[in-house]
Amino acid sequence: MLLDKLKHAPVVPLVQADDPDVALKTVAALKAGGLEIIEVVLRTDAAMVCLEAIAERAPDIIVGAGTVLSLEQAEESVRRGAQFIVSPGLNDEVVKYCQSRDMAVFPGVVTASEVQRAWNLGLRTVKFFPAGLSGGAAMLKALSSVFRDMQFMPTGGVSAANLNDYLAIPSVIACGGSWLTPQQEIDAGNFDAVTALAREALVTAQQN
Ligand code: 3PG
């Protein structure tokens, strides 16, 4: 279901919030722009509370946890309502935990050996992180040519300017990133700007 939904709106905005009310306003703005699959990154003290608030009070949003570094964080994220897990790197424990729950998991990989290890763990979706600094779309094309049944979610350095380069690659299931939730606009309460960015990304995505 998550993967099906990503096909229609292949953009996953990152939400990094200190306050659940701000997180809720941010996801409402993203949803108004057509994006409803959201990754809450575990990089603030309030991240778990924000994740839980979205899971409970925004039921039309599919919320996942990002920057999940340990099994404990994965377990807590799921208790708080996460529907998918994203990690910057490949942690076997996190992957196996998600697989045991039949839950989507996107561990970060960059090299052919890392993709191979993910593939050996039974994964067919991974995050490509940090995409921009790891060779970008050209590197992803090279990896995709050999790992023909692997799907990638490039994240890290994705922006409105290069979204199309990634989404044009058939193995790219979605792109993730923080460009849709600029801290400055959120701090200023300018949630319309977030909606506009989401809408722009969706239009770009639907051109592919
Ligand atoms: C992540 O957590 O995936 C990255 O920090 C996202 O990178 P970005 O800020 O360049 O989108």
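What follows is a walk through a predicted model of a single chain, from its overall build down to a handful of individual residues.

Starting with the broad picture, the chain is built from ten helices and eight strands. Its radius of gyration is 16 Å, close to the 17 Å that the globule rule gives for 208 residues, so the chain is as compact as a globular protein of that length. Taken along the principal axes, the box filled by the C-alpha atoms comes to roughly 45 × 35 × 30 Å. Just how much of the chain is tucked away? Of its 208 residues, 53% count as buried. The contacts tell a story about sequence distance too: among those with a separation of 6 or more, 59% are between residues 24 or more positions apart.

Turning to the outside, the chain has an accessible surface of about 9,300 Å², and carbon and sulfur atoms account for 51% of that. As for charge, there are 16 positive and 23 negative charges, and the mean positions of the two sets lie 6 Å apart.

Helix α3, which spans residues 47-57, gives a look at the packing inside. Its buried residues are Ala-47, Met-48, Cys-50, Leu-51, Ala-53 and Ile-54. What do these residues pack against? The partners are two helices and two strands: α2 (20-32) and α4, along with β2 (37-41) and β3.

When it comes to aromatic rings, the structure holds one aromatic pair. The partners are Phe-84 and Phe-106, set edge-to-face, with 6.2 Å from centre to centre and 90 degrees between the planes. This pair ties together distant parts of the chain, since Phe-84 sits in strand β4 (residues 84-87) and Phe-106 in strand β5 (residues 104-109), 22 residues apart. Are the two rings' residues buried or exposed? Phe-84 has a relative accessible area of 1%, which is under the 20% cut-off, so Phe-84 is buried. Phe-106 also counts as buried, at 1% relative accessibility.

A few spots in the backbone are worth a stop. One is the peptide bond from Phe-129 to Pro-130, which is cis, with omega near -10 degrees. Pro-130 belongs to the loop that runs between β6 (125-128) and α7 (136-146).

Another is Thr-67, a residue other than glycine with a positive phi, near 55 degrees. Thr-67 lies in the loop between β3 (62-66) and α4 (71-79). With a relative accessibility of 14%, under the 20% limit, Thr-67 counts as buried.

Asp-102 likewise is not a glycine and has a positive phi, here near 60 degrees. The loop between α5 (92-100) and β5 is where Asp-102 is placed. Is Asp-102 buried or exposed? Its relative accessibility is 76%, over the 50% mark, so Asp-102 counts as exposed.

Last comes Asp-187, a residue of helix α9 (residues 183-187). Asp-187 is exposed, its relative accessible area being 61%. How far is Asp-187 from Val-115? Along the sequence the two are 72 residues apart, and in space their C-alpha atoms are 38 Å apart.

Key: Residues are numbered from 1 along each chain as its sequence is written. This is a predicted model: local features need pLDDT of at least 70, side-chain atom pairs count only at pLDDT 80 or more; totals for chains, interfaces and linings use all residues. Side-chain values use heavy atoms; hydrogens and water are left out. Helices (H or I, at least four residues) and strands (E, at least two) are DSSP runs, numbered from the N terminus. The radius of gyration is taken over C-alpha atoms; the globule rule is 2.2 Å times the number of residues to the power 0.38. Buried means under 20% relative accessible area, exposed over 50%, partly exposed in between (1.4 Å probe, protein chains only). Contact means heavy atoms within 4.5 Å. Accessible areas come from the Shrake-Rupley method with a 1.4 Å probe; for residues, only the protein chains shown count as cover. Lys and Arg count as positive and Asp and Glu as negative; His and the chain ends are not counted. The place of a charge is taken as NZ of Lys, CZ of Arg, CG of Asp or CD of Glu. Rings of Phe, Tyr and Trp (its six-membered ring) pair if their centres lie within 6.5 Å; planes under 30 degrees apart count as stacked, over 60 as edge-to-face and the rest as tilted.
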